[in-house]
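Hi there,

Here is the structure I promised to pass on to you. Have a look at it first, and then read my notes below.

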Amino acid sequence: MATAVNEKERGALTHPDVESFGQVNRDILKILSRPGKGWWALFTVAVLGVILFFTSWIYQILTGIGVSGLMSPVGWGVYITTFVFWVGIAHSGTLISAILFLFRAPWRQSIYRAAEAMTVFAVMTAGLFPLIHLGRVWHGYWLIPYPNSRFLWPNFRSPLLWDVFAVTTYFTVSAVFFYLGTIPDVAAARDQARGWRKKLYQVVALGWRGTDREWHHFGKAYIFLAAFATPLVLSVHSVVSWDFAMSIVPGWHATIFAPYFVAGAIFSGVAMVITLTVPLRKIFGLEAYLTVKHFDAMAKLILLTSLIVLYAYMTEFFMAWYSGEEIERAMFWNRLFGDYWWATWTMLVCNGLVPIMLWFKRVRHSISALFVISLFINIGMWFERFVIIVTSLSHEYEPFAWGIYRPSMVEMGIMVGSFGWFFFWFLLFTRLLPPVAIAELKEVLPPPLRGARKEGAA
Amino acid sequence: MSTSKQGILASFDYLDSAVDAIGALRKAGFKRKSIQAYAPVPEHDLEHAMGYGQSPVRVFALVGALTGTATGFALSIFTSMDWPLVVGGKPIVSIPAFVVIAFELTILFGALSTVIGLFINTRLPHLKPLVVYDPEFSAGRFGVYVSASEDKVGEARRILEAQEPAEMREDPEGVAHG
């Protein structure tokens with residue numbers, strides 16, 4: 001926070017239609033009490049997804065992992081694809097809440113709460129997939145580092161164990177960061193709520209009163225948590241990429257993987273933020289808070305990361321050719337023109353071609369165009385992970401070990417159902433916690449000053 | 001809960017009224033510990049008026065982070081040496097691989113310790129009922145609470161009234177503080 005003048009300009013820039021501190025509370029807190037038909041319709045669809053998810057998974061647990069299409073040589077399929085997809089989605093939430101906080105980006109305030117909630121729920125969804133992929137899920141606790149019955153500890157040189165540490169740390173830290181940020185806003189909800197909501201918010205707000213001491217330490221703790229979350233978010237998808245890059249599978253063993261995965265994660269995540277906030281804005285009438293300027297800024301972020309991702313694709317193809325490695329060349333040729341050509345071209349069109357439209361201001365300023373583009377990117381980024389995982393495994397070194405993988409209905413059910421599981425939590429969040437950060441939004445609005453003083457101070 | 005102390009809570013519509021009230025109170029010799037400000041947003045002007053220094057939360061962050069680094073290296077190195085099994089021809093103590101574990105635990109311990117530091121320093125969770133509090137503090141009002149001995153309460157009230165508060169409340173017990 002700089003001077004009052006600066007604040008006022010920034011507030012006027014991003015939220016010209018928000019008049020006072022009190023208005024923020026009224027506009028945001030009324031979301032909690034009025035669901036409306038649109039919310040119920042989406043929630044019903046989400047619940048159906050949750051049912052699909054758990055029926056498919058329970059069927060797999062009871063029958064065995066054989067109900068999936070996973071078979072030698074492709075041992076990683078839709079489950080690991082969807083795991084990487086959801087971990088990637090999570091990343092932009094931390095980018096918006098932590099990295100843009102440290103950079104003092106004035107447009108992050110009204111979207112960051114929704115983005116951060118998306119992070120927590122996306123990691124929650126992603127975390128289920130290694131367990132689903134285990135097949136024998138009752139052995140899931142073997143992932144925890146403890147000595148087994150012969151006092152042998154897990155192998156700390158394995159990227160898969162790094163992944164356990166990275167993803168659990170990410171879930172813990174982002175959940176704590178998210179909860180901490182909501183405390184002052186839950187206190188605001190508590191002060192106006194009645195009935196069971198009041199009781200709930202009283203517990204969740206931990207007796208927050210907004211005293212000078214609370215704010216003083218809260219501000220410091222928040223900066224430190226943002227500073228911890230920033231390297232964390234870069235590390236998590238790097239570690240996920242090393243699950244692949246540390247092996248010698250053609251198409252995986254590349255040093256570009258870490259930055260390529262991180263850029264891809266932010267690319268897909270910002271697209272998901274747009275996919276989530278467009279209906280949020282429409283259903284709850286948040287036009288004054290989520291303005292065209294916010295969507296413009298997010299679109300620019302997508303444009304930047306799409307260029308990085310496209311560059312990484314081209315580098316991969318170039319390096320395969322330039323390396324002179326026959327196996328590597330054959331693998332990438334197979335990617336473009338082999339059995340999975342449709343997946344590769346879907347990825348290239350959705351992630352490389354479609355975002356080119358964002359160069360135009362008219363597209364960036366059209367909410368419906370952005371919504372459609374964001375859906376394309378979500379699809380494209382799921383296919384990117386599918387292409388990386390499946391085309392490489394199906395076409396390794398020995399021609400007689402090549403094979404084709406077809407996802408089974410159970411796998412598709414779990415994958416589609418995971419969207420229901422994610423949206424189930426996200427929709428509950430929009431009704432239970434203020435989906436727009438009340439206190440932080442006020443920081444970019446001009447503070448109320450005495451009429452006589454106003455001219456002098458501003 | 002001493003009986004000789006009394007408290008007054010004033011709610012202001014404007015930020016500068018609250019800042020000026022705190023400045024006047026401190027000038028009149030009221031100790032920082034006896035004043036408490038309430039605000040809907042973190043305001044540097046208020047913190048400045050209260051005269052805050054560095055928050056000790058940063059020490060918690062540093063100590064937690066270093067503990068995490070040490071734990072990460074200790075866990076991976078000692079467990080590898082406990083059963084020296086060569087995997088993939090790599091050394092028993094493979095520092096580059098263990099950096100990842102140490103890094104993740106640095107972040108985890110650092111973040112959790114920061115939160116503990118926050119709770120200790122803010123005395124959250126505040127379990128006592130909100131006796132002297134205005135629900136408008138979370139919406140748009142700024143508050144100033146003073147606790148003073150009986151002979152100085154009149155002076156405190158005069159200073160607060162001079163800034164034209166929207167509401168004044170007496171707290172005969174002086175319990176709201178802390």
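**A residue to start with**

Please keep in mind that this is a predicted model. A good place to begin is A:Val273, which touches A:Ser92, A:Ile96, A:Ile111, A:Ala115, A:Met118 and A:Met298, leaving aside residues up to four places away in sequence.

**The nonpolar core**

A:Val273 also belongs to the largest nonpolar core, which has 187 residues. It is one of the members that touch the most other members, together with A:Val87, A:Met118, B:Ala18, B:Ile22 and B:Val144. Which helix gives this core its largest share? That is helix α8 of chain A (residues 212-245), with 17 residues. In chain B, domain 1 (5-52 + 132-171) and domain 2 (57-122) both give residues to the core, so the core lies between them. Taken over C-alpha atoms, the centres of these two domains of chain B are 45 Å apart.

**Where the chains meet**

How many residues of each chain are in contact with the other? For chain A there are 55, and for chain B there are 58. On the side of chain A that touches chain B, α2 (21-33), α6 (159-192), α8, α16 (438-443) and α17 (451-457) each supply at least two residues. Helix α8 of chain A turns up again here, giving the most to that side with 17 residues. Sorted by class, the side of chain A that touches chain B has 30 nonpolar, 14 polar and 11 charged residues.

Enjoy exploring, and write back with any questions!

Best wishes

Methods. Residues numbered from 1 in each chain as written. Chains lettered and ligands numbered in written order. Predicted model: local features only at pLDDT ≥ 70, side-chain atom pairs only at ≥ 80, totals over all residues. Core = buried A, V, L, I, M, F, W, Y, C linked by C-beta atoms within 7 Å. Buried ≥ 20, exposed ≤ 12 C-beta atoms within 10 Å, placed from the backbone. Helix = DSSP H or I, 4+ residues; strand = E, 2+ residues; numbered from the N terminus. Domains from an automatic or database assignment. Contact = placed C-beta atoms within 7 Å. Nonpolar A, V, L, I, M, F, W, Y, C, P; charged D, E, K, R; others polar.
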